[in-house]
Every structure is written in C-alpha cells, then in structure tokens.
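Good morning, and thank you for making time for this. I would ask you to keep the sequence and the structure in view while I speak.

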Amino acid sequence: MPDANPASAKQAPGTRYAWYVVATLTAIYTLSYMDRTILSILVGPIKRDLHVSDTKIGLLTGLAFTIFYTLLGLPMGRIADSRSRRGLITVGCVVWTIFTSACSASKGYWALFATRVGVGVGESSLSPAAYSMISDLLPKEQLGLAISIYYMGVFFGTSLSQLVGGTTLDLLARTPVVTLPLLGAISSWRVVFLIVGLPGLLFAAWAYSLREPARKDLLRTATGAVSTLSFADALAQMKMRWQSLAGISLGMVFQSMCAFGYTFWGPSFFQRTYGWKPGESGRALAAILLTFGCVGMYVGGRLADSWQKRGVTHAPLKVALISAMGTGVFLPAAFLAGRPELTLALMAPGVFFNALPMGIAAAALQRIFPNQVRGQISALYLFILNLGGYPSGTLLPGIFNDYLFHDEKMLGASLALTVGGGAVLMLVVMALTCRPYREHYLLMHPAA
C-alpha cells in the first residue's frame with residue numbers, strides 16, 4: 001500500500017523552495033520548447049533554401065523530433081524512478097543544446113532531420129523527471145496548479161521562439177548570408193538556431209544546482225520496507241489502471257493535435273492568408289499564446305484543484321471536457337474567419353480553452369500511481385502524446401494542403417479540419433474515461 005512516509009516528510013523541502021524548483025523547471029521547459037518549436041517561424045526560408053514541400057516540413061518538425069523523443073522517453077522514465085532526476089535533466093539539457101546549435105550547420109534536408117532527432121533525444125529526459133520531482137515537492141491538492149505552471153513552458157517557449165525567430169529574420173532580411181567563426185558563410189536564418197541553442201549550457205548548470213527531493217507515496221511491503229518494483233511489477237501497476245492511462249493519454253493526443261497545429265502552422269497561416277511578415281505573425285501569435293494560453297493553464301489547474309478539494313475525484317477530466325467543447329467552437333472558426341482581426345479575436349478564447357487541461361492531465365496520472373512508477377508513467381504518457389499529437393498536428397495540415405486542396409493558401413481550411421476533428425475526438429474519449437478514473441483514484445486514495 002502507498003504511504004506518507006514520515007521520514008520523507010521530515011526531509012521534504014519548504015514550500016518556498018518547492019515553488020522555486022517549479023519555477024526553475026518551468027524555465028528549463030521553456031528553453032526546451034523554444035528549441036523544439038523554432039522551426040515554425042523558419043518554414044519559409046527552409047522551404048526556399050532546401051526546396052522541400054509542406055509535407056516534408058511536417059515530417060521535419062514532427063517525426064524527426066518525436067522518433068527518439070518518444071522511444072527514449074520510456075527508459076528515461078525508468079531512470080527517473082530509480083536514479084537522480086536532477087542529473088538526468090542536466091545531461092539532457094546539454095544534449096539538446098548541442099544538437100539545436102548544430103542545426104545551424106546542417107547543409108541539407110536529411111542533415112537537418114538528423115539534428116532534430118538529436119534534439120528529441122536530449123529533451124526526452126526532462127518531463128518524466130520533472131513530473132516526478134514536482135509530485136514529491138508539493139501535496140496532491142496543489143499538484144494540478146504546479147504542473148500547470150510547469151506546462152506554461154509550452155507557451156512561454158513557443159512565444160519566445162516566435163518573437164526571437166521572427167525579429168531575427170526581420171533584422172537580417174537584407175543580409176541573406178552571415179559569416180561566423182568556425183561556421184563560415186551561412187544563410188542568415190541559421191543564426192536563429194545559435195541564438196536559441198547556446199543558452200542551454202547555462203540552464204544545464206542551473207538544473208544541476210537543484211536538490212534532489214525525497215520520494216513519497218512509495219509502495220511498501222507488509223513489513224514496512226520500501227518495495228523495489230521490477231519492470232514487470234511496473235507493468236502490472238499500469239495494467240490495473242489501463243483505462244485511465246489509455247483514456248487520458250489518447251484524449252490529450254487529440255488536444256495536442258490541435259495545439260501543435262496552430263502553434264506550428266500559425267505563423268505560416270498569417271503570412272500566406274494575410275500577407276504578414278514573419279515578425280508580425282510571430283508577435284501576434286506570441287501575444288495570444290502568452291496571454292490566453294498561460295491564463296488557460298492557470299485557470300485549468302486552479303479549477304481542477306478546487307474541485308478536487310470538494311471531493312470531485314475526476315476533476316481533471318471535467319476540465320478536459322470543457323476544453324474540448326471550447327476548442328471545437330472557437331479555433332475552426334478562427335481559421336475560416338477571413339479577416340485578421342476576427343481571426344485573432346476567435347483564436348484568443350480558442351487557445352484559452354485548448355490550454356485548460358495541458359498541465360492537469362499529467363497531474364491526474366501522477367495522482368493514481370505509486371511513486372516507484374511515476375517516471376515511467378510520465379514517459380509512457382509522453383510517448384503516446386508525442387507519437388500521436390505532435391506528428392499529426394504538424395503533419396495533417398501539410399497533407400491536407402498538398403493532397404486535398406493542392407494549394408498552400410488553403411492552410412486555414414486545413415487547420416480548421418485538423419483542430420475541429422481533434423476537438424470532437426477529445427470530447428468523446430475523455431467522456432468515456434471519467435468512470436474508470438474515479439475508480440482508480442479511490443484505489444490509490446481510499447479515504448477520499
């Protein structure tokens with residue numbers, strides 16, 4: 001049975017330090033998302049210089065990153081459950097920093113594809129370890145808000161990549177070639193990879209400065225000793241709760257399909273549909289993501305925690321149902337609006353609703369599993385989420401453009417199809433998961 005270990009409680013850091021760790025991990029996650037999404041503002045120059053289609057751009061941003069991000073996430077989760085989570089994050093940060101910077105020297109499509117694979121390898125270490133650390137630092141009543149704040153790194157990072165990338169492209173618009181030490185003469189858009197990549201070494205040092213928290217909610221034997229779970233034991237714990245694990249993961253695949261669709265293709269949509277410059281589209285999208293995306297995550301976390309305190313055991317899933325309905329109403333309409341001011345007005349509530357469950361879904365899984373498997377559960381959740389949501393959100397609009405509409409200026413219709421379909425599927429899956437999740441929550445917290 002899981003327990004609240006008194007020894008662990010004595011070693012637990014104070015609340016102020018716990019929130020400092022949450023803030024630090026959020027900053028590191030922000031950097032990782034800058035490195036992950038910077039390609040979205042570079043679609044135009046990459047297509048021009050490398051002579052590739054929208055479909056290949058979708059593969060570059062989706063499959064290239066997720067192929068190893070997802071596969072290596074599972075062993076990374078196993079390491080996070082048994083080794084230093086601080087050390088795992090530090091090493092991962094160094095790896096993705098090196099490969100992001102190396103993108104600047106990639107001369108062809110497949111070389112750039114390979115460096116994006118390397119970025120995925122490094123970033124696969126972060127979230128399984130971060131979720132586990134946050135779960136040990138704060139009580140379950142604050143977990144929804146804490147992981148929602150961590151997840152704000154998605155919007156902080158995406159927005160900063162739009163701002164930094166768009167502004168850099170605008171500043172270097174009249175300087176197509178830049179000469180740098182070691183790299184020589186390179187296209188000016190490649191400089192963006194160095195700007196977002198190199199600071200990662202400082203963030204790696206920051207991660208290493210954190211203290212490893214004591215583990216709590218451990219499974220124990222009848223004698224009170226901490227259970228050591230084999231991989232087979234971990235699989236047994238997952239099998240006991242497979243409906244919740246599968247339902248939340250699949251539901252969030254459809255949520256992230258919407259999110260990755262509008263965050264990656266949003267700049268190109270504004271440029272192709274309304275003739276905006278990269279800097280204009282980057283600033284507009286960044287403003288919406290930072291404001292309405294972060295507020296949505298915060299409201300989602302507070303709402304779920306509030307309902308949880310009132311005894312609503314499936315509170316995170318209730319929030320997800322609201323998210324699916326709001327996403328399905330506002331985002332497709334935004335991409336079909338036909339006027340930039342109307343698009344922005346509809347995107348704002350659409351992004352707010354879409355962001356509501358992004359942090360609390362991960363927290364929901366942390367609440368129903370013992371400590372010894374939380375890193376592995378996080379990795380499996382991210383495996384499913386990124387294998388499904390990231391590639392589909394970035395690839396489907398490109399496929400619709402190339403093979404359904406045969407016109408790159410029909411990107412608005414392609415995005416409307418992607419986000420509308422994702423919202424409907426999310427609503428169905430989350431509704432079906434509510435009942436088993438309530439049962440699995442009571443299995444872990446019988447006194448609730």
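I shall go through the aromatic pairs, one helix face, the empty spaces and one buried alanine.

Please bear in mind that we are looking at a predicted model.

Let me begin with the aromatic rings. The count of aromatic pairs comes to 22. Take Tyr17 and Tyr20 as one example: their ring centres are 5.8 Å apart and their planes meet at 40°, so this pair is classed as tilted, stacked being reserved for planes under 30 degrees apart and edge-to-face for those over 60. Both residues belong to helix α2, which runs over residues 15–37, and being three residues apart there, they are separated by about one helical turn. Their surroundings can be read from the accessibility values. Tyr17 has a relative accessibility of 17% and therefore counts as buried, while Tyr20, at 36%, counts as partly exposed.

A second pair joins Tyr29 and Tyr150, and it is stacked, with 4.4 Å from centre to centre and 10° between the planes. This pair links distant parts of the chain, since Tyr29 lies in helix α2 and Tyr150 in helix α9, residues 143–151, with the two positions 121 residues apart. Both Tyr29 and Tyr150 are buried. They also belong to a wider group: ring pairs connect Tyr29, Tyr33, Tyr131, Tyr150 and Tyr151 into a cluster.

Two rings have a basic side chain over the face. Arg86 is placed over Tyr208, 4.4 Å from the ring centre, and Lys318 is placed over Trp307, at 4.3 Å.

I turn now to helix α12, residues 200–208. Which of its residues are buried? They are Gly200, Ala204 and Ala207. Viewed down the helix axis, these buried residues fall within an arc of 60°, so they line one face of α12. The face turned away from that buried side carries Leu202 and Ala205, which are exposed. The cover over the buried residues of α12 includes α2, α6 (85–102) and α11 (191–197).

Next, the empty spaces. The second largest pocket has a volume of about 180 Å³. Its lining includes Pro45, Arg48, Leu169, Asp170, Trp189 and Pro278. Helices α3 (43–50) and α10 (153–171) each supply at least two of the lining residues of this pocket.

As for enclosed space, a search of the whole structure finds four cavities of 30 Å³ or more. The largest cavity holds about 160 Å³. It is lined by 17 residues, and those nearest its centre are Tyr33, Tyr151, Ser256, Phe260 and Met358. Two or more lining residues come from each of α2, α10, α14 (242–274) and α19 (374–405). Which element gives the most to this lining? It is α14, with six residues. You will recall Tyr33 and Tyr151 from the aromatic cluster; here they are again, among the residues nearest the centre of the largest cavity.

Finally, consider Ala304, which is found in helix α15, residues 278–309. Is Ala304 buried or exposed? With 0% relative accessibility, Ala304 counts as buried. Apart from neighbours within four places in sequence, Ala304 is in contact with Ala315, Pro316, Val319 and Ile360. The C-alpha atom of Ala304 is separated by 8.1 Å from that of Leu145, although the two residues are 159 residues apart along the chain.

That concludes my presentation, and I welcome your questions.

Key:
Residues numbered from 1 in each chain as written. Predicted model: local features only at pLDDT ≥ 70, side-chain atom pairs only at ≥ 80, totals over all residues. Heavy atoms only, no water. Phe/Tyr/Trp six-rings, centres within 6.5 Å; stacked < 30°, edge-to-face > 60°. Helix = DSSP H or I, 4+ residues; strand = E, 2+ residues; numbered from the N terminus. Buried < 20%, exposed > 50% of the residue type's maximum accessible area, 1.4 Å probe, protein only. Lys NZ or Arg CZ within 6 Å of the ring centre and 35° of its normal. Arc of directions from axis to C-beta. Contact = heavy atoms within 4.5 Å. 1 Å grid on protein atoms, 1.4 Å probe; cavity = no way out; pocket = protein on both sides within 12 Å on 5 of 7 lines; lining within 4 Å. Points joined across faces, edges and corners; volume = space filled by probe spheres on them.
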